[in-house]
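Hi,

Here is the structure I promised to pass on. Have a look at it, and then read on for what turned up.

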Amino acid sequence: MNRLLCTRLANYSARNASTTRPLQWRSLAGTGAPPEHARAEGAQHYDIIIVGGGMVGTALACALGKNSRLQDKSILLLEAAGGFKQPSTGPGQYSNRVSALSKGTHRLMQSIGAWQEIERTRVKPVLRMQVWDACSDALITFNYDDLSENISWIVENDVLLASVYRQLEGVQNVQVRYAAKLASCELIRDGADTSTVRLTNGETLKCDLLIPPADLLEAFSLLSLDCWASWLV
């Protein structure tokens with residue numbers, strides 16, 4: 001696990017345990033409106049900024065926004081795309097980009113309410129998996145005894161993302177900004193109180209906890225392992 005990310009979460013929690021700020025106005029369409037508590041120097045401030053609105057960043061934003069310990073925290077999700085595109089899920093319309101979800105991810109999707117939407121749309125459970133070597137007779141098989149449980153679930157990426165976005169619509173302390181491209185970022189270090197994010201349009205944002213793209217997979221792994229909540233107390 002990424003101990004640096006764990007330390008950031010722990011330090012953020014301790015530093016903000018007694019801090020309360022009003023929730024942010026949010027939007028899932030467009031760039032959104034400025035938050036109420038802009039800093040004196042003109043940079044908008046959020047408690048948490050997540051860079052990247054793909055499957056991992058969106059699920060992380062939704063999970064953090066729905067956490068009861070973070071209801072008074074403002075969360076901003078930055079997405080470079082111009083807007084969210086609904087997937088085509090009609091008869092005979094499939095995406096060729098899929099993911100195999102582990103049990104940890106399955107639990108996470110259930111906890112944020114997205115799994116029910118995924119099941120209503122399209123999902124394929126996996127009871128048995130076999131991996132073989134093309135150059136020999138070697139192979140390995142994964143399954144529970146008597147095929148009693150699923151070992152994974154195959155879900156189209158577009159379906160998973162759309163299901164999480166539908167849950168995100170009801171999370172009031174998460175704001176999504178589209179067409180927000182990252183130019184540079186500065187993490188908390190050398191005594192600085194906040195991290196700084198600069199966008200390609202010249203706008204500057206500040207936050208107490210910044211999760212850049214390089215840390216998204218580690219953060220998602222922590223969520224899937226159900227071991228993240230203790231760091232957010």
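Which kind of contact do the side chains of Arg177 and Glu203 meet in? They meet in a salt bridge, at 2.8 Å from N to O; the term here stands for a side-chain nitrogen of Lys or Arg within 4 Å of a carboxyl oxygen of Asp or Glu. Arg177 sits in strand 8 (residues 174-177) and Glu203 in the loop between strand 10 (195-199) and strand 11 (204-211), so the pair ties together parts that are 26 residues apart in sequence. Helices (H or I, at least four residues) and strands (E, at least two) are DSSP runs, numbered from the N terminus. Arg177 counts as buried, at 6% relative accessibility; buried is under 20% relative accessible area, exposed over 50%, and partly exposed in between (1.4 Å probe, protein chains only).

Before I go on, the small print. This is a predicted model, where local features need pLDDT of at least 70 and side-chain atom pairs count only at pLDDT 80 or more, while totals for chains, interfaces and linings use all residues. Residues are numbered from 1 along each chain as its sequence is written, and side-chain values use heavy atoms, with hydrogens and water left out.

Back to the charges. The structure has 6 salt bridges. One of them joins Glu186 and Arg198, with the closest N and O atoms 3.0 Å apart. That pair links distant parts of the chain, as Glu186 is in strand 9 (residues 182-186) and Arg198 in strand 10, 12 residues apart. Glu186 is partly exposed at 41% relative accessible area, and Arg198 is partly exposed too, at 32%.

Another one is local: Arg120 and Glu117, whose closest N and O atoms are 2.7 Å apart. Both are in helix 4 (residues 114-121), 3 residues apart, about one turn of the helix. An α-helix has 3.6 residues a turn, so residues three or four places apart point the same way. Arg120 is exposed, at 63% relative accessibility, whereas Glu117 is buried, at 15%. Salt bridges also link Glu117, Arg120 and Arg166 in a network.

Now the sheet. It is open, has 6 strands in the order 8-2-1-11-10-9, and its pairing is mixed; strands pair if DSSP finds at least two bridges between them. Strands 8 and 9 stand at the edges with a single partner strand each, so one side of each is left without a neighbour in the sheet. From one strand to the next the twist averages 40 degrees, taken between N-to-C directions on a 0 to 180 degrees scale, with axes fitted to C-alpha atoms. Strand 9 pairs with strand 10 in the antiparallel sense over 4 bridges, and Glu186 stands opposite Thr196 in strand 10.

Helix 5 (residues 157-168) is worth a look as well. Of its 12 residues, 9 are buried, so the helix is largely enclosed by the rest of the structure. Among the buried ones are Asn157, Leu161, Tyr165 and Leu168.

Asn157 also leads to strand 3 (residues 98-101), where Ser99 is found. The side chains of Ser99 and Asn157 are joined by a polar contact of 2.7 Å (a pair of N or O atoms within 3.5 Å; within protein, one must be able to donate a hydrogen and the other to accept it, and residues adjacent in sequence count only if both atoms are side-chain atoms). Ser99 is buried, with a relative accessible area of 18%.

Cheers
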